[in-house]
Amino acid sequence: MNTQLFGLITSASFGSGPLRTRSLLSVFEEDAGTLTEYTNQLLQAMQRVYGAQNEMCLATQQLSKQLLAYEKQHFALGKGDEEVISTLHYFSKVVDELNILHSELAKQLADTMVLPIIQFREKDLTEVSTLKDLFGLASNEHDVSMAKYSRLPKRKENEKLKAEVAKEVANARRKQHLSSLQYYCALNALQYRKRVAMMEPMLGYTRGQINFFKKGAEMFSKRMDRFLSSVSDMVQSIQGELDAETEKMRISQQDLIAVNESVYTPDSDVTSPAINRNLIQKAGYLNLRNKTGLVTTTWERLYFFTQGGNLMCQPRGAVAGGLIQDLDNCSVMAVDCEDRRYCFQITTPTGKAFIFPFQWISAINNISRQIYLTDNPEAAAIKLNQTALQAVTPITSFGKKHEVHHPSQNVKNTENDKIIPSESAGIQDSAQLIAPGTPIQFDIVLPATEFLDQNRGGRRANPFGESEDSSKDEVEDSLLQQMFVVRFLGSMAVQSDNTSEVIYEAMRQVLAARAIHNIFRMTESHLMVTSKNLRLIDPQTQVTRTSFELATVTQFAAHQDNRRLIGFVVHLSEAPGEESMSAYVFESNTEGEKICYAISLGKEIIEAQKDPEALAQLMKSVPLTNDGKFMLLNDQAEEDGTIHEEGEESEA
């Protein structure tokens with residue numbers, strides 16, 4: 001075809017075979033257009049390969065940096081990573097060496113693959129396109145000159161004008177033939193150049209890849225075999241450990257699935273919940289109540305745990321926990337909340353916290369007794385709870401009030417209220433103080449005579465809970481007025497009031513019985529100490545719950561270890577000629593010694609009132625308030641602040 005085309009070009013230049021020449025020209029032009037389109041697509045593909053190789057260089061460089069950065073990461077569980085760190089360091093060096101080879105390959109692809117195809121497009125294809133445009137312009141000029149020549153007049157010929165037009169036609173034809181010759185030659189040469197242009201870039205690409213693999217094989221084939229073998233063994237060892245651990249977890253999951261569904265059911269065993277009383281540590285999720293306004297509150301679910309004598313909290317997303325409350329010498333009791341179940345309250349000298357569930361109570365009780373400071377905390381907790389088994393089964397209703405003073409009759413009661421004697425109750429000292437099998441009362445119940453007096457029809461009860469005027473006058477006439485915030489723990493009949501040991505024994509049995517029988521509720525009251533009596537007042541209604549004449553209080557003492565425990569013994573008159581003694585145990589927001597001091601001062605005032613000189617001497621020795629009453633304790637303002645704030649809940 002090319003030989004024919006060149007012959008046709010020569011002949012066509014002198015006016016022979018123009019039809020055939022133009023037919024072949026259209027075929028060559030169509031071929032050149034297809035070649036241009038394909039060349040552009042091929043160049044895009046090669047540039048993509050070159051870009052990927054450049055990206056490979058950058059990626060391997062970034063990979064090497066990240067392998068070295070593993071050592072600088074502060075992993076919370078980084079134990080045993082030394083071997084991994086050394087292995088990653090070696091891999092980083094390998095990646096750096098591979099990066100050098102990738103950079104060389106990228107440069108070689110740019111020079112031997114991308115550059116030749118760009119040169120072919122910019123030089124050869126652009127030249128053909130330019131010559132095509134020049135040939136079109138020359139053809140248009142030739143057509144214009146021929147049209148001008150054909151319009152010359154035949155009758156009146158102007159020889160001069162005819163000669164000029166003929167010369168113009170000759171020049172246009174010569175220019176057209178010259179441009180067509182150059183254009184046809186470029187089309188003819190393009191058929192050869194396209195073959196070279198298609199094969200030369202791929203030759204450079206293949207040689208670059210072969211050179212890359214050869215250098216890589218020479219660099220790593222010998223020294224990498226042993227290293228890769230050791231890394232493979234290490235990976236297989238780790239995989240074996242993972243498989244063993246996975247099998248253990250699978251067995252644990254099967255055991256968990258096989259568990260009875262009642263384990264997941266809330267309140268599955270309300271009557272006899274399984275509570276471990278020997279816990280000295282506890283952890284789990286609890287709901288903490290926070291105030292969002294004057295009366296509105298919200299609950300936040302957080303993870304709590306005990307550490308030593310502290311209650312810690314770890315919010316979501318936090319790495320470590322923070323201190324919430326010091327549990328030393330604290331008290332814990334169950335409380336009722338309108339919007340949550342199973343709430344309990346931790347009470348400390350500084351505030352209160354509301355959280356749940358009940359099983360935390362045993363752990364916090366053990367921690368508050370500072371068992372964790374002993375050499376063997378678990379053994380101490382077990383021993384303490386074994387000692388608590390000496391306690392008796394308590395009664396909690398008003399209907400059993402009369403049983404307190406007749407323990408021998410309780411053996412024949414119903415099964416739920418029967419007395420369970422303690423095995424160790426035969427100890428001589430405790431038996432002389434408190435009769436074995438004595439029931440414990442956890443409700444504040446008024447004496448029978450006082451209960452009858454308050455329910456006689458002689459006077460109508462005030463529906464607003466206001467105190468009677470006589471009681472107000474009685475308080476105002478008293479020389480001593482001291483109020484304390486206390487919580488009633490329990491009371492029980494005693495056989496002796498000669499020593500304070502009876503109070504300590506009552507405290508021990510009351511606290512042990514509360515722990516054993518899961519009785520965590522405590523009634524909070526205001527204990528008013530006057531020079532005439534002890535009164536327990538409801539903090540909400542200001543109604544007197546019960547009252548004891550100060551003369552009937554024969555023994556009172558604070559606990560030797562837990563200073564906020566206070567107890568006293570009261571002589572009660574059951575019937576004419578019959579008297580009994582009962583010990584009452586309370587927990588106070590302040591030290592029990594302060595309450596004992598107030599009671600002692602009240603008794604001194606009673607004795608001093610019999611002798612005016614002794615009363616005057618007593619009033620000189622004790623500071624008085626502005627209204628002439630005895631002023632007790634230097635931190636009275638602090639106690640008042642505690643009383644005023646008792647209605648407010650302070651959650652930690």
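**Figure 1. Contacts across the whole chain of this predicted model.** Take the contacts in the protein chain between residues at least 6 apart in sequence: 67% of them join residues at least 24 apart. This is a predicted model, so keep that in mind for every view here. The secondary structure of the chain comes to 14 helices and 14 strands. Of the 652 residues in the protein chain, 38% are buried.

**Figure 2. Helix 3, from end to end.** Helix 3 covers residues 82–150, which makes 69 residues. How far should those residues of helix 3 span at 1.5 Å a residue? The expected figure is 102 Å, and the end C-alpha atoms of helix 3 are 98 Å apart, so the two agree. Follow helix 3 along to L115 and you'll find a bend of about 35°. A proline, P116, follows L115 within four residues.

**Figure 3. Where helix 3 packs against helix 5.** Two packed helices are described by the angle between their axes and the distance between the axes. For helix 3 and helix 5 (residues 224–258), the angle is about 145° and the axes are 12 Å apart. The crossing of helix 3 past helix 5 is left-handed. On the helix 3 side, look for E83, T87, Y90, F91 and V94; they meet M224, F227, L228, V231 and M234 in helix 5. Sort the residues of this contact by type and you get eight nonpolar, one polar and one charged.

**Figure 4. Helix 5 and what covers it.** Helix 5 has 35 residues, which should span 51 Å at 1.5 Å a residue. Its end C-alpha atoms are 50 Å apart, so helix 5 agrees with that expectation. Which residues of helix 5 are buried? They are M224, F227, V231 and M234. The cover over these buried residues includes helix 3 and helix 4 (159–220).

**Figure 5. A close look at F91 in helix 3.** Is F91 buried or exposed, or somewhere in between? With a relative accessibility of 26%, F91 counts as partly exposed. Leave out residues up to four places away in sequence, and F91 touches L67, F227, L228 and V231. F91 and L67 are 24 residues apart along the chain, and their C-alpha atoms are separated by 7.6 Å.

**Figure 6. L63 in helix 2.** Helix 2 runs over residues 18–69, and L63 is one of its residues. The relative accessible area of L63 is 42%, so L63 is partly exposed. Now find N99, which is 36 residues from L63 along the chain. The C-alpha atoms of L63 and N99 are separated by 9.9 Å.

**Figure 7. A493 in strand 8.** Strand 8 takes in residues 481–494, and A493 has its place there. A493 has a relative accessible area of 13%; buried means under 20%, so A493 is buried. V569 is 76 residues away from A493 in sequence, yet the two are 9.1 Å apart in space, C-alpha to C-alpha.

**Figure 8. The loop between strand 10 and strand 11, with D538 and Q542.** Strand 10 (533–537) and strand 11 (544–549) have a loop between them, and Q542 lies in that loop. D538 is found in this loop too. How do these two residues compare in accessibility? D538 counts as buried because its relative accessibility is 16%, whereas Q542, at 36%, counts as partly exposed. Setting aside its neighbours within four places in sequence, D538 is in contact with V543 and R545. D538 and T523 are 15 residues apart in sequence and 9.2 Å apart in space, C-alpha to C-alpha. Now check the backbone of Q542. Most residues other than glycine have a negative phi. Phi of Q542 is near 65°, a positive value in a residue other than glycine.

**Figure 9. Helix 12 and its buried residues.** Helix 12 spans residues 592–608 and has 17 residues. From its first C-alpha to its last, helix 12 reaches 24 Å, close to the 24 Å expected at 1.5 Å a residue. What is buried in helix 12? The buried residues are G592, K594, I595, C596, A598, I599, L601, G602, I605 and A608.

Key:
Residues are numbered from 1 along each chain as its sequence is written. This is a predicted model: local features need pLDDT of at least 70, side-chain atom pairs count only at pLDDT 80 or more; totals for chains, interfaces and linings use all residues. Side-chain values use heavy atoms; hydrogens and water are left out. Helices (H or I, at least four residues) and strands (E, at least two) are DSSP runs, numbered from the N terminus. The expected span of a helix is 1.5 Å times one less than its number of residues. The bend at a residue is the angle between axes fitted to the seven residues ending there and the seven starting there. Axes are lines fitted to C-alpha atoms, for helices over the stretch in contact, and angles run from 0 to 180 degrees between N-to-C directions. A crossing is left-handed if the near helix is turned anticlockwise from the far one by less than a right angle, and right-handed if clockwise. Contact means heavy atoms within 4.5 Å. Ala, Val, Leu, Ile, Met, Phe, Trp, Tyr, Cys and Pro count as nonpolar, Asp, Glu, Lys and Arg as charged, and the others, Gly among them, as polar. Buried means under 20% relative accessible area, exposed over 50%, partly exposed in between (1.4 Å probe, protein chains only).
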